[in-house]
Every structure is written in structure tokens, then in C-alpha cells.
Amino acid sequence: MKTLHRSLIIGTSALALAGCGADEIVSPGTGGDVIINPGNGGGSPTPTPTPPTTEKVTPAAGCPTISDPKGLKDDKTISGPTGEYRVCTMPERFTASSTLPYIKGVLYRINGRVDVGTDGGPAADDSDGVADTNVELTIEPGVIVFASGSSFLNVNRGNTIEANGTADRPIIFTSRDNVQGLNTDSSSGQWGGVVLSGRAPVTDCIASGATPGTVNCQRQVEGAADPAIFGGETVDDSSGSMSYVQIRYSGFVLSGDSELQSLTTGGTGTGTELDHIMSFNSSDDGVEFFGGFVNLKNLIVVGAEDDGLDTDTGVKANMQYVLVVQRPGAGDTIIEADSDNAFNDSTPRQQTRISNATFVHQNALDQAIRIRGFADYSIANSVLVSNQGTACLRVDGQEELFRAANGSIDEAGPVTFDSFALDCDTPFRDSSGATAAEIESVFDNGANNNSNFTNTLQALFVNGSNENGVPVFDVTTWSDFFENPAHIGAVYDENRDWVNGWTCNSSTISFDNSVTACTSLPVYD
């Protein structure tokens, strides 16, 4: 075991990476000892039930027939280090519910913007004059989808995606260069990403005079050549489900300085189900949630070149078991949070609650976490390591720190921290409207917080003795979405296996000896 002061060495090499990604699609503005065991740490990983093989793939004879009337276009083949594949290009718009089956030797291609259904408008009935198409796109476990340039997948309001992989056969969205074996562990920004557009309430309405949070308040995915609209007032709206999904090398600039993330949600409702999502090397944010509701467990963000988690425009987000690790020298904040772009106290105001996060910030910047714009934010049972002299916490505005709840937990409440361990050279920094001392005072008022923590993380992400020694805050008091964990942090002995099987490895972080490198593709029997 080696103890390294203010530096992280992963495997046998360290990446020295310069520069950050372009501005996020619509977002405004913008230490300690790390103990690393050889190998993966935290005990031996559980073997994947059906590990990828090393044989070369040969192309399928043709593309499968799907229900959509335009069907899949046979675009010949593409070759890379893992073999040769039949390329089956999706239609520009799915107009009928369809399934993309797993077939060995087939890759599915997104060419340009691919829509699931047509926009059904902000209301779930025909009161807005727009009829739903109710198209559902199903993607089977093991399917690999690739794209390049400005291509992205957009699930329109009133339509759904069912992209549910398994622990041993994840669904992978990636880039053409990844298929061809051209990528390194610092490649990024090679295609757009995945967008889920729903009908739940949002702020920052595009229509002048519209009231935030109502059916008339809608927003547009910026950068899209044709409008991609989200928002409404249907709290329980569903955009479908995604689980055991990797999204690699995303973040292509669509127009100007607007680019997508690996996963973007806009106004998704409580009926949308998300878990086991991995973002790898997005040139913008790892994930960004605009308004609506997001309930997400088991989230991994590796190598995002802007923010790891970006939450905005009144989103109500619950997240548990969250691992965010930057590449050394790349990336902006771990968290950027705003309630709305106008920086006023309009409602619905953001309320994000995170439990059991492990945050590893590896760039010399102003702060690792920035909360502003009247966002209500709670972090519990988590650990943050920042090893480049960067301050851990910035909270802009005294209204963030000292606003008293007005009786509605959904619309008011201060920033809170409980069982949160900070290992940074500078725990707090002066912010706009709040001093470092004021932020420290609020932090110290929480239960079991420690701003002078020495982390003992193994392999960069697995709890050591110090993490396991921090008392747990009971997050079931927040909502029944959360479970009461055994320890703080994203990964500890009792839940060690959740990162195994469906992830990919890189020089930034390695999860499981049974899975492939992120620069390669898995091949299944």
C-alpha cells in the first residue's frame, strides 16, 4: 500500500491533460492523502457471469426487421480491433414502437438527430392541440449504438425509451472512433448524447409571460437545429427507463458553444426510471438535469471535462450511490447547481438531495462544488477529495445558507450537509454574498461533518477505515426513495459489487478485471 500526498497515481501512469470542455449546453457561468492499493482494492471483484470473449466479431448477414415503417438502413460494415460489424442505421424518426435486438455482429448507428416519436406537447391529453404518438423504443441488453459528430438521440414528450441492460450485458452508446479503435483515455466530444424530454414542471420559460412550473412554461434543448422542447405540469410523466447503460465520448458542439452531455434530462417526471448509468469522457457535463424530477441510484461519472453533475431550472433530484471522478488536470466542478438562469427566487426552485457520493476532484480550479441561484441542496453520507489546492465548497448568496423553510420542503430550505467528509487543502472559499466563515458555520451545524478529513480511499473509490468510521445520517427522513446505508461513500464492502460487470476501465479508474477497457468494445458469446 502506498500513501501519496496531494497526487493520484492510477495504474502505472498518470495522465497530464490540459484544457476544459466548452461551455455547457445552457448552464450559466462557468486534498489530502489518497491511499491506493495495487489492483482494485476493497477485496476481489465478483466475476462477471458472462464475461466478454476475445474472439473477433464477424458481420451479421443483414440488419434485423423492426416495426418502424422506414426500418433500419444497411450501411455496409465497419471494422475495428474487436472485428467487423454490420452497420444498421436508425431512421431519422421512429414513428412506430420498435425494438433494437441484440445480434452478434450488428451495431446500430445514430446518423444526425434521431427522434423517438414526435413532440406530444406540454399536456398529456389533446388540450394543447397536439396528439401523442406514444412511440416506445426498446433496446435489448448487449446492444451497442454508435454515432459521430452532431448526432444525438432525443426522446420526445409523450414517447418513451426502454434501454435496460444487465450487469453482465450493458447497453453502450459510444462514438465511431471507439468502434474503430482510434480513442485514447483522454478522447472526448465525438458525438452528441442522449436526451430525455418530458412534461414535468420547469423554470426559465421560453415563452414571454409564461408562469414557471405551469403547462405553458417550456424550454428548448439548445443547439438543436430543429426545436426539441420539454416542460409542462405533469409531475408523474414518464420518459421510460434506462439501466445498466454506458454513454461514452459524448459532448459534440451542436452550435455555437452549445453542446450536449452524456445524458440530458429536460422536464422528466417521476415515472421515469434511471439507475446504473455510467458517463465516460463527456467533453461537457457528465449529466445535466433541467427541471422536472430525477430519481437515480448508482450513477458513475468519469472524466467529464466540465461539471460532473449539473442541475438546473427547478429540478427536484434524488440521487444515491454516486461516484464522480475527474481525469487529472481536466474538468471543472464536481457539482454546479442553479435554480434558474435569472438568479431569482421563482418556483419551482431546485431541490437536489444526494446521499452516498464519492467525489474525486483532480484539477486546480476555484472550487469543487458550487451551489447558487436559490438552489436548495443537501449532501449527506459523502466524501469529497480535492488534491490540487482547490477549495471544496462555494455557496453563493446568503439566501442559500440562511433562508428559513416556509413550510413546504419542496419550495424552500437552506443548503444542508450531514455526515459529509471534506479532504481539501481549503475546505471553504469566499463566495458571492457569503464568506468562507459563514459557509463553514453552516457546514459545522450539520451532523457528523468533518472539514479536516484524511481520506483512506482504496483504488480511488472504495472506502477505507476512515470513511467507514464516519457515522451515518439517516436519509430515509428525506424520502422513501433513499435507503439507510451501512456507511458513507459510494462504494464500501457491503455494496462493493454494484460497480462490477457493467462498467468499463480506463487509466483514470478501473472497476473490475472482468470488463473491457473503455477504449474497446465488449464481445459476447
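This passage describes the overall make-up, ring contacts, largest cavity and backbone of a predicted model.

The protein chain has 525 residues, and 63% of them are buried. Four helices and 30 strands are assigned in the chain. Its accessible surface is about 17000 Å². Carbon and sulfur atoms account for 48% of that surface.

Aromatic contacts were searched across the whole structure, and 13 aromatic pairs were found. One of them joins tyrosine 102 to tyrosine 524. The ring centres are 6.4 Å apart, and the planes meet at 70°. The arrangement counts as edge-to-face because the angle is over 60 degrees. This pair links distant parts of the chain, with the two positions 422 residues apart in numbering. Tyrosine 102 belongs to the loop between strand E6 (98-100) and strand E7 (106-110). Tyrosine 524 belongs to the segment after helix H4 (465-468). The two partners also differ in exposure. Tyrosine 102 is partly exposed, at a relative accessible area of 24%. Tyrosine 524 has a relative accessible area of 4%, so it counts as buried, the limit being under 20%.

Tyrosine 102 has a further neighbour. Arginine 169 lies over the face of this ring, 5.2 Å from the ring centre. A charge over a ring also occurs at phenylalanine 481, where the charged end of lysine 297 sits 4.9 Å from the centre. Elsewhere, ring pairs connect four phenylalanines into a cluster: Phe417, Phe420, Phe428 and Phe443.

Tyrosine 102 appears again at the largest cavity. This cavity has a volume of about 100 Å³. Its lining comprises 14 residues. Those nearest the cavity centre are Tyr85, Tyr102, Gly105, Ile144 and Pro522. By class, the lining holds eleven nonpolar residues, two polar residues and one charged residue.

Backbone angles were examined as well. Tyrosine 244 is not a glycine, yet its phi is positive, at about 50°. This residue is part of strand E17, which covers residues 240-248. Alanine 459 is likewise not a glycine and has a positive phi of about 55°. Alanine 459 is placed in the loop between helix H3 (436-445) and H4. With a relative accessible area of 9%, alanine 459 is buried.

Tyrosine 102 thus recurs in several of these results. Its ring pairs with tyrosine 524, arginine 169 lies over its face, and the residue is among those nearest the centre of the largest cavity.

How values were computed. Residues numbered from 1 in each chain as written. Predicted model: local features only at pLDDT ≥ 70, side-chain atom pairs only at ≥ 80, totals over all residues. Heavy atoms only, no water. Phe/Tyr/Trp six-rings, centres within 6.5 Å; stacked < 30°, edge-to-face > 60°. Buried < 20%, exposed > 50% of the residue type's maximum accessible area, 1.4 Å probe, protein only. Lys NZ or Arg CZ within 6 Å of the ring centre and 35° of its normal. Areas by Shrake-Rupley, 256 points an atom, 1.4 Å probe, with all protein chains shown as cover. 1 Å grid on protein atoms, 1.4 Å probe; cavity = no way out; pocket = protein on both sides within 12 Å on 5 of 7 lines; lining within 4 Å. Points joined across faces, edges and corners; volume = space filled by probe spheres on them. Nonpolar A, V, L, I, M, F, W, Y, C, P; charged D, E, K, R; others polar.
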